[in-house]
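Me: I have a structure to go through at the bench. Please take my questions one at a time and keep the replies short.

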Amino acid sequence: MARSSPDELVFLPLGGAGEIGMNFNAYGFGPPQDRKWIIVDCGVLFGREGAAPGVDVILPDARFLAEQRQNILGIVATHAHEDHIGAIAHLWPQLRCPVYATPFTAILIEGKLEEAGLSSKLSVGRVPVGGSLTLGPFAMDFISITHSILEPNVLAIRTPLGLVCHTGDWKLDPDPLLGEATD
């Protein structure tokens with residue numbers, strides 16, 4: 001009789017799933033007592049006067065992952081919009097993990113880290129456009145897509161238990177004015 005693997009692939013949406021703004025999604029792999037995590041995007045939601053008077057910015061609640069920070073392999077940004085990177089400088093002191101992005105997105109994240117006084121504590125890892133990144137059991141391919149900003153990506157996240165396609169934001173534009181066409 002074959003023994004089943006104790007490994008699990010877990011999706012933990014802490015913001016942005018099914019709504020616009022505050023994108024913060026985590027993927028976990030491994031058994032519950034020794035799960036490794038990656039975070040895809042770490043964005044903010046801007047307050048709306050009708051829905052949240054006096055609130056400028058809303059951040060994801062990252063307490064669970066902050067408690068797991070020794071098992072976080074990194075934050076991976078799909079693109080440079082605020083709802084995907086705007087919370088990195090705010091939440092990094094709790095998470096204290098590496099951050100990875102394509103070059104344009106990395107430059108914008110570095111500016112935010114400098115404003116927050118964190119640039120000496122964290123160097124953003126640059127992934128080339130169309131490149132790959134492996135963090136523990138997560139092998140990711142950055143797939144160029146079109147959007148309203150440079151270097152947006154879909155992540156093809158490969159694990160021993162299967163493939164996840166994480167889209168971020170996208171639009172199908174056969175002749176984009178900025179950036180690469182959707183691959």
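What follows is a set of questions and replies on cores, buried residues, cysteines and salt bridges.

Reply: This is a predicted model, in which local features need pLDDT of at least 70, side-chain atom pairs count only at pLDDT 80 or more, and totals for chains, interfaces and linings use all residues. Residues are numbered from 1 along each chain as its sequence is written, and side-chain values use heavy atoms, with hydrogens and water left out.

Me: Which residues have the most contacts inside the largest nonpolar core?
Reply: A nonpolar core is a set of buried Ala, Val, Leu, Ile, Met, Phe, Trp, Tyr and Cys residues joined through side-chain atoms within 4.5 Å. Buried means under 20% relative accessible area, exposed over 50%, partly exposed in between (1.4 Å probe, protein chains only). The largest such core has 30 residues, and those with the most contacts inside it are Leu95 and Ile109.

Me: Which element gives the most to this core?
Reply: Helices (H or I, at least four residues) and strands (E, at least two) are DSSP runs, numbered from the N terminus. Elements that each supply at least two residues include β2 (24–30), β6 (72–76) and α4 (103–115). The most, five residues, comes from α3.

Me: Which residues does Leu95 contact, leaving aside its neighbours within four places in sequence?
Reply: Contact means heavy atoms within 4.5 Å. With those neighbours left aside, the partners of Leu95 are Phe24, Ile39, Ala62, Leu65, Ala66, Arg69, Ile72 and Ile75.

Me: Is His79 buried or exposed?
Reply: His79 sits in the loop between β6 and α2 (82–85). Leaving aside neighbours within four places in sequence, its contacts include Asp41, Thr105, His147 and Asp169. Its relative accessible area is 0%, so His79 is buried.

Me: Which side chains make polar contacts with the side chain of His79?
Reply: A polar contact is a pair of N or O atoms within 3.5 Å; within protein, one must be able to donate a hydrogen and the other to accept it, and residues adjacent in sequence count only if both atoms are side-chain atoms. One partner of the His79 side chain is that of Thr78, at 3.1 Å. Another, at 3.3 Å, is the side chain of His81.

Me: How far apart in space are Phe142 and Ile109?
Reply: Phe142 belongs to strand β10 (residues 138–144). Phe142 is buried, at 3% relative accessible area. In sequence, Phe142 and Ile109 are 33 residues apart; in space, C-alpha to C-alpha, they are separated by 18 Å.

Me: Why do Cys42 and Cys97 not form a bond?
Reply: A disulfide is a pair of cysteine sulfur atoms within 2.5 Å. Searching the whole structure gives zero disulfides. Cys42 is buried at 0%, and Cys97 is buried at 3%. The closest cysteine sulfur to that of Cys42 is in Cys97, which is too far for a bond because the distance is 8.2 Å.

Me: How many salt bridges are there?
Reply: A salt bridge is a side-chain nitrogen of Lys or Arg within 4 Å of a carboxyl oxygen of Asp or Glu. One of them pairs Arg63 with Asp61, with the closest N and O atoms 2.5 Å apart. Arg63 is exposed at 57%, whereas Asp61 is partly exposed at 42%. By this rule the count is six.

Me: Which strand holds Arg126, the salt-bridge partner of Glu110?
Reply: The Glu110 and Arg126 side chains meet at 2.9 Å, N to O. The pair ties together parts 16 residues apart in sequence, because Glu110 lies in helix α4 and Arg126 in strand β8 (residues 125–126).
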